[in-house]
Structure formats: C-alpha cells, structure tokens
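Colleague: Could you take me through one part of this model in detail? I would like to hear how the helices pack and what surrounds one residue there.

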Amino acid sequence: MTTADISTRESRPSSNHCIDLAGTRWPLYKIEALAVGFVLFVIAGAVTQSMQVAVLTAATAAVITWWARRVYYSRTT
C-alpha cells in the first residue's frame with residue numbers, strides 16, 4: 001500500500017526577511033549573498049586582474065554568505 005505524507009510545515013521564508021522584487025518575494029539572504037559576491041568579484045578583479053581568481057573568489061564568498069545567512073535567518077524566526 002502506498003501512502004503520501006503531506007508536510008504541514010511551511011517551507012517559505014518568513015515575510016520579515018523577504019524583499020519584494022518585481023512581484024516576487026526574495027529572501028534577504030539571497031540578495032546579501034549576491035551583493036557580497038558582486039563586490040568581491042569587482043575587488044578581486046581589480047586587484048589581481050585575473051578573471052579566474054575573481055570568479056572563484058566571488059563564487060566562494062557568495063556560497064558561504066548564502067548558507068551562513070540562511071542558517072542565521074532560519075534560527076531567528
């Protein structure tokens with residue numbers, strides 16, 4: 001016999017930590033991660049003048065920021 005379990009827990013982020021962009025709710029941690037990644041991309045690109053270093057630095061910082069802030073916001077709600 002097959003059964004389906006339906007979770008009653010809401011998986012959407014809290015509205016306290018969301019920003020409305022073009023009619024779509026964006027969790028704040030995503031915007032923060034994109035901003036950190038962009039800033040570090042520009043800085044690393046200007047300092048090293050190497051696209052490989054700039055992209056890898058920005059991607060690493062964005063992923064770390066994304067997960068760290070996501071955990072932070074999930075614990076504060």
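Modeller: Happy to; here is the helix pair, after a brief look at the whole chain. Please keep in mind that this is a predicted model. The protein chain contains 2 helices and 2 strands, and along the sequence they come in the order β-β-α-α. Of its 77 residues, 17% are buried. The chain exposes about 6,200 Å², with carbon and sulfur atoms supplying 62% of that area. If you take the contacts between residues at least 6 apart in sequence, 40% of them join residues at least 24 apart.

Now to the helices themselves. Helix α1 covers residues 28–48 and helix α2 covers residues 51–76; they pack with their axes 7 Å apart, at an angle of about 155 degrees. Because angles over 145 degrees count as roughly antiparallel, α1 is roughly antiparallel to α2. As for the residues that form the contact of α1 with α2, 16 are nonpolar, 5 are polar and 4 are charged. The crossing of α1 past α2 is right-handed.

For a single residue, let us look at Thr 65, which sits in helix α2. Its relative accessibility is 17%, so Thr 65 counts as buried, the cut-off being under 20%. Setting aside neighbours within four places in sequence, Thr 65 is in contact with Glu 32, Ala 33 and Val 36. Those three partners fall within residues 28–48, the range of α1, so from α2 Thr 65 reaches across to the partner helix in the roughly antiparallel pair.

Terms used: Residues numbered from 1 in each chain as written. Predicted model: local features only at pLDDT ≥ 70, side-chain atom pairs only at ≥ 80, totals over all residues. Heavy atoms only, no water. Helix = DSSP H or I, 4+ residues; strand = E, 2+ residues; numbered from the N terminus. Buried < 20%, exposed > 50% of the residue type's maximum accessible area, 1.4 Å probe, protein only. Contact = heavy atoms within 4.5 Å. Areas by Shrake-Rupley, 256 points an atom, 1.4 Å probe, with all protein chains shown as cover. Axes fitted to C-alpha atoms, helices over the stretch in contact; angles between N-to-C directions. Parallel < 35°, antiparallel > 145°, perpendicular 65-115°, else oblique. Left-handed = near helix turned anticlockwise from the far one by under 90°. Nonpolar A, V, L, I, M, F, W, Y, C, P; charged D, E, K, R; others polar.
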